[in-house]
Amino acid sequence: MESNDGDPAADRGSPPPPGVGTILNLMQPQQPYEVEDDHSGSGVIRDYNGVFEGPEKTLEVCFRKIAPNGQDAEYISDSIAAGGEPILRTGLRTLPRGDIDRICARARCTILSRMSNRYLDAYVLSESSLFVYPHMIVLKTCGTTTLLRCVATLIELGRKIGLEIDWLGYSRKNFSFPGDQMFPHGSFHQELDYLYSHRNLCDRLNGDGYTLGPVTGDHWFVFVADHTKRWDLEHDTDRVLNIMMFDIDQDVAQKFYFDQYQASLGPDETEEDAIRRISMEQTKSAGIDALIPGATIDPRAFEPCGYSMNAILFHSYATMHITPEEGSSYASFETNQKLKSYTSLISNVVRAFRPKRFVMTLMADEGGVVQMGKNPLFTDSASNAKVVVPFMTSSKSFHCGDADGNSKVLTKTKSCLGGGGGNGGMATYKRRDIASIKVEDDVVCMMGNWVLEG
């Protein structure tokens, strides 16, 4: 595994503070809030039909102090960071839980658990994740959530604490089941119209939309409204890597079915304790904990199936979301960790889930791209952009009867990715296409599709 660089001043691998990480008994798929929205149009909740829209919608909003006398609110939290000192919360981290619940309700999702360190709060949601920094919010939601309905609430809550929008980015892959989506997510054009309708609330939402990748295949929609005043480009090095994996190996997918694990260890284990235990068992069984060494992890297993995980390490987050249903199986991994090379991380993630294909996106400040140096996965020729991971063959013996009724033993051999060692070889993912664009002068967006060869 690739090592992670970090700041020794923060908590490294410590468990969540007392009172953080409480888990509620909520199921997947969601039955979201009925939230009244002046811009809503249609508010019909879709019934679960056996498939689930795994690819997430992502909203990232950065704030700045309102000129000329903006000043961050702050207070001392009851949460405890490493070393035993209380967490000093500023900016958006001072919003009370009721306001955070309002944001989630607009997207039709709920909070299941929270963990914190000195730099950010990470919430596992009924549909994906929320990360709150002093001046930035990142909200990812899957399924039929209504993520963009959060925008007006974010504008309102920011103003309440003396902040205004500085940068807004919205992105998503094209949907697998677009007909299931609710307003305003019926199409990218509808989403853009909805964002533009908020200009009467905030002129800082004046931005542009882009499509990367083939419109006849997997592609990525991006909207960016950038009003950031940058004084030193060398220090603008933010970047977010997202790996979206489709048709994951069914042996791996089975690890994320709740009934694969012992429901209770005895009368002393509460239902919440059982959920937490099964969540950790799924995490270790799939090797997810090894993908972000040193991070504090908050996993969540869902009934009857599904999994979400947040991890925080100093200033950075990582998050995973898994939909194991056959016919729509999907797993995603996203991180904003500033690595000079993501090659080892990408290989480890792909190896863990063994997809038949995956889509990878990178959104980065121009300074972040420079800091990464040469990126063969995105910039070299297709032959040099292959992702190669170990695979092994496993044999399974079973008994059956022949035509004369005699019993005999047959051996079924299966090739599978991951594992390493034993009777193994290498599996190769070939990059099928690549697209990149520079938006708002200094934000670079890259997107590529990889498919398993052979």
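**Figure 1. Burial and contacts across the predicted model of the protein chain.** Of the 454 residues in the chain, 54% count as buried. The chain contains 8 helices and 20 strands. Among its contacts with a separation of 6 or more, 69% come from residues 24 or more positions apart.

**Figure 2. Close-up of helix 3, residues 188-196.** The buried residues of this helix are F188, E191, L192, Y194 and L195. They lie on the same side of helix 3, because the arc they cover around the axis is only 160°. An α-helix has 3.6 residues a turn, so residues three or four places apart point the same way. H189 and D193 are exposed and sit on the face of helix 3 turned away from its buried side.

**Figure 3. Packing partners of the buried residues of helix 3.** These residues pack against helix 2 (150-160) and against three segments of strand: strand 8 (163-173), strand 9 (208-212) and strand 10 (220-226).

**Figure 4. Crossing of helix 1 (residues 97-106) and helix 2.** The axes of the two helices come within 8 Å and cross at roughly 160°. Angles over 145 degrees count as roughly antiparallel, and helix 1 and helix 2 are therefore roughly antiparallel to each other. Their crossing is left-handed.

**Figure 5. Residues at the contact of helix 1 with helix 2.** From helix 1, D99, R102, I103 and R106 take part; they meet C150, T153, L154, E156, L157 and K160 of helix 2. The residues of this contact comprise 4 nonpolar, 1 polar and 5 charged.

Terms used
Residues are numbered from 1 along each chain as its sequence is written. This is a predicted model: local features need pLDDT of at least 70, side-chain atom pairs count only at pLDDT 80 or more; totals for chains, interfaces and linings use all residues. Side-chain values use heavy atoms; hydrogens and water are left out. Buried means under 20% relative accessible area, exposed over 50%, partly exposed in between (1.4 Å probe, protein chains only). Helices (H or I, at least four residues) and strands (E, at least two) are DSSP runs, numbered from the N terminus. The arc is that of the directions from the helix axis to the C-beta atoms. Contact means heavy atoms within 4.5 Å. Axes are lines fitted to C-alpha atoms, for helices over the stretch in contact, and angles run from 0 to 180 degrees between N-to-C directions. Angles under 35 degrees count as roughly parallel, over 145 as roughly antiparallel, 65 to 115 as roughly perpendicular and the rest as oblique. A crossing is left-handed if the near helix is turned anticlockwise from the far one by less than a right angle, and right-handed if clockwise. Ala, Val, Leu, Ile, Met, Phe, Trp, Tyr, Cys and Pro count as nonpolar, Asp, Glu, Lys and Arg as charged, and the others, Gly among them, as polar.
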